[in-house]
Every structure is written in structure tokens, then in C-alpha cells.
Amino acid sequence: MKHYNIPIFISHIGCPNACVFCNQIKINGRETDVTNEDLKNIIEEYLKILPADSYKEVAFFGGTFTGISLGRQKEYLEVVKKYLDKGLIQGIRLSTRPDYINKEVMDQLKKYKVTTIELGVQSFDEEVLKKSARYYEIESVYKACEMIKKYGIDLGIQIMPGLPGSTFEKDFETAKKVVEINPVNVRIYPTLIIKDTELEKMYKTGSYEVLSMEEAIKRCRKICALIELNGIKIIRVGLQPSEDLRNGGVSVEGAFHPAFKELVEGEIYFSFLKKIEIQDGHLDVQTCEKNVSKIIGINKRNKKRLKGLKIKINNSLSVDKVIVNGVEYNRNKILQQELSECDE
Ligand code: SF4
């Protein structure tokens, strides 16, 4: 069954924090808080266009949902409950901070049948968190994850490679800790500099160096390989482009690309195929149609770099299989090779 989110951007309400990278208004492209009436209208509008036989979740993104007063959270959840009870909506997901999870909050979320909680963990490195003005102990992340799992709610984790004080090693360590926690899904957002944030000031005064596109891809391909190899679903790589972000209106600097995940995938295939090309001197690839764009790369980048690349479409191959020069490789093999380069 096809899955759809009905996104509700609750802007900055509920969040008294000031993480250096955050300007929720700019990212969301919205400046006003959502009233109950707005929430109802947004749901109604989406229900008109989404297929009736799909799995629909109301998704509270943006601010820190559980940082809002319990009463306000309840009001929002009451609105959604009516649609859940009628079977028009199948679930509720929300994003929040690890230090805003406690028993009282969880009891209420469980009562209102919240299905997924995404925690903005960002990094498991104390120094990186401090430099990013996220003042909580790593211990509180573990506690929050454990509690969410105990309540039987799906756990999602968001991480941000490239925060102040981070290195390739620190970001990769964060990914390893995510794997140990074993959430249901992960979102990976390489750090961008958004206008009117503390990070913008740090960048302008030279105390922060943003990830180049090349470095962001390098970090993300290893992180993605590790997470995917461990059977954890990656639901997003790279910030969702709001209209403003796409038009370059709010992103000052950083590795923003509307198809960032495709860039990462392309590099994984490039490094895998390059090794075979060096060894065999040619590349005769058979793959199903769905994989062709990843293998060729965005703007035919891989095709230009792998001179002898020939692709034959073979739709009897599943998406996780590819035949190169007569040898069949599965997705795991490709990802393992990606990871082994980490150790070299
Ligand atoms: S906790 Fe979330 S909403 Fe609040 S400032 Fe940090 S990133 Fe922004």
C-alpha cells in the first residue's frame, strides 16, 4: 500500500532553543503557527487528492512537537483523532528533540495513537552537540530511544553530518551508534547554512567551515552504506527543498541539491564500477530499468568518467542485483565494498 505524509509544519512554536543551524521559519517557508482550524483544513485538502486506499499519516514536522504544552499537543491530537477514528488517516508521526521525551508526554502520545516519533539526534558527539548549541547529555538520547521503543511507537532518528566540530570519523561514529540503537528509519541531513542563523554568523567570521558538496557526498555514502547494510530504512538524504531553498533564497552555503540522495547513490555505483573497470578494462553492465539513472549518474557524470561503460537493460533482474562483465553482484556486496574503502 502506498504511504503518504500529510505534512503539518508547526514552525518554531514550542521550541525555546536556538540550535546554531536552525531557522525553522526559513526552512519551512512558513511564518505563522498552525491553528486547529488550519490543521483541519490542511488534512481535508490532502484527503481530497490522496488515494482512498493508501496509508496516510499526519506528520508534524518543523518545531519541537513535544516542547509545546501538553494541553496544546492534546488539542492538535484531538483534531487528528477524528480522522483516525473514521479510518481516513492511519497514523501520526512527529519530530522532536531527545530531551523533550518523558513519561507524561509519552502516555499522551500513546493514548492518541501516535505511530512514529522522529528524534533529532543530529550527533552522538558531545563536543559537536555543544558547538551546535544543543545542550543535552548523550544519555538522554539513549533514554528517549528506549522509552519510545518501550511504548511500542516506531522510532526514527535524524542525523546531521558536518555540524560544527564534526569530522568524517565523528559523523561515522554517530552512524555506528544509530545502528546500535536500531531505529525503524533514519533521515540524514548534511548541514547547510541557512540565512539568519548563528551558523551563518560563524561561517562569516570563519569559525565554521561548511561541508563542500564533495565532502558531504563522501560522508553520506559511507553513512548510508552502513545504515542500509544493517537493514535500517533511510527515508531521506538531504534537506527537503522548500520553494525558497530551491530558489537559493535561504540557503547561504553548503551541499544543497534537490536530488542529493541520487548524487550519493551515483558515487556509490561509480566507486564500485571503477574498481571493476581497472581490473577488467571494460564494463558491460546489465541492470533493471530502475537502476539505470543511478548507474549513469546525475548529468551522466558516471558515464563520462567510466569511458567503457555499456548498459543493457535486463528487467528480469531485481533492483538489488546487477551483472557486470558476466558476474552477478547484489546490493549488499556493493555496499560492503563501499564500507571496506572506509578502512583503507
Ligand atoms: S530544537 Fe529543533 S526547532 Fe528548536 S532550535 Fe533546535 S533544531 Fe530548531
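Which residue in strand 8 does Arg 187 stand opposite? Point 2 below takes this up.

1. The model. This is a predicted model. The notes below start with the sheet of seven strands. They then move to helix 9, the ligand shell, the sheet of four strands and some exposed loop residues.

2. The pair in question. Arg 187 stands opposite Arg 236 in strand 8. Strand 6 covers residues 185-188. Four bridges join strand 6 to strand 8. The two strands run parallel.

3. The sheet of seven strands. Strand 6 and strand 8 belong to an open sheet. Its order is 1-2-3-4-5-6-8, and the pairing is parallel. Strand 1 (3-9) is one edge, and strand 8 (233-237) is the other. Each edge strand pairs on one side only. From one strand to the next, the twist averages 20 degrees.

4. Helices against this sheet. Helix 2, residues 36-49, packs on the sheet. Helix 2 touches strand 1 and strand 2 (55-61). Its direction makes about 155 degrees with that of strand 1. Helix 6, residues 138-150, lies across strand 4 (116-122) and strand 5 (154-159). The angle between helix 6 and strand 4 is about 170 degrees.

5. Helix 9. Does its length in space agree or disagree with its residue count? Helix 9 has 17 residues, 213-229. At 1.5 Å a residue, the helix should span 24 Å. Its end C-alpha atoms are 24 Å apart, so the two values agree. Many positions deserve a look in the viewer. Buried residues of helix 9 include Ala 216, Ile 217, Cys 220, Ile 223, Cys 224, Ala 225 and Ile 227. Charged side chains appear in the buried list too, among them Arg 219, Arg 221 and Lys 222. Gly 231 follows helix 9, and its phi is positive, near 75 degrees.

6. The ligand shell. How many residues surround the ligand? There are 11. The closest are Cys 15, Asn 17, Cys 19, Cys 22 and Gly 63. By type, the shell has four nonpolar residues, six polar ones and one charged one.

7. The sheet of four strands. This open sheet has the order 11-10-12-13. Its pairing is mixed. Strand 11 (309-313) and strand 13 are the edges, and each pairs on one side only. Here the twist averages 25 degrees from one strand to the next.

8. Strand 12 and its partners. Strand 12 spans residues 321-324. Two bridges join strand 10 (residues 283-287) to strand 12, and these strands run antiparallel. Val 285 stands opposite Val 324 in this pairing. Four bridges join strand 12 to strand 13 (residues 327-330), again antiparallel. There, the bridge partner of Val 322 is Tyr 329.

9. Faces and turn. Which residues of strand 12 lie on its covered face? Val 322 and Val 324 do. Lys 321 and Ile 323 are on the uncovered face. Strand 12 and strand 13 form a hairpin, with two residues between them. Asn 325 sits in the turn and has a positive phi of about 50 degrees.

10. Positive phi in loops. Most residues other than glycine have a negative phi. Asp 196 has a positive phi, near 60 degrees. Asp 196 lies in the loop between strand 7 (192-194) and helix 8 (198-204). Is Asp 196 buried or exposed? Asp 196 is exposed, because 12 other C-beta atoms lie within 10 Å. Asn 299 also has a positive phi, near 55 degrees. Its loop runs between helix 12 (289-296) and helix 13 (301-305). Asn 299 has 10 C-beta neighbours inside 10 Å, so this residue counts as exposed.

11. Lys 300. The loop between helix 12 and helix 13 also holds Lys 300. Lys 300 has 12 other C-beta atoms within 10 Å and is therefore exposed. Along the chain, Lys 300 and Leu 47 are 253 residues apart. Their C-alpha atoms are separated by 38 Å.

Terms used: Residues numbered from 1 in each chain as written. Predicted model: local features only at pLDDT ≥ 70, side-chain atom pairs only at ≥ 80, totals over all residues. Near = placed C-beta within 6 Å. Pairing = 2+ DSSP bridges. Axes fitted to C-alpha atoms, helices over the stretch in contact; angles between N-to-C directions. Contact = placed C-beta atoms within 7 Å. Buried ≥ 20, exposed ≤ 12 C-beta atoms within 10 Å, placed from the backbone. Expected span 1.5 Å × (residues − 1).
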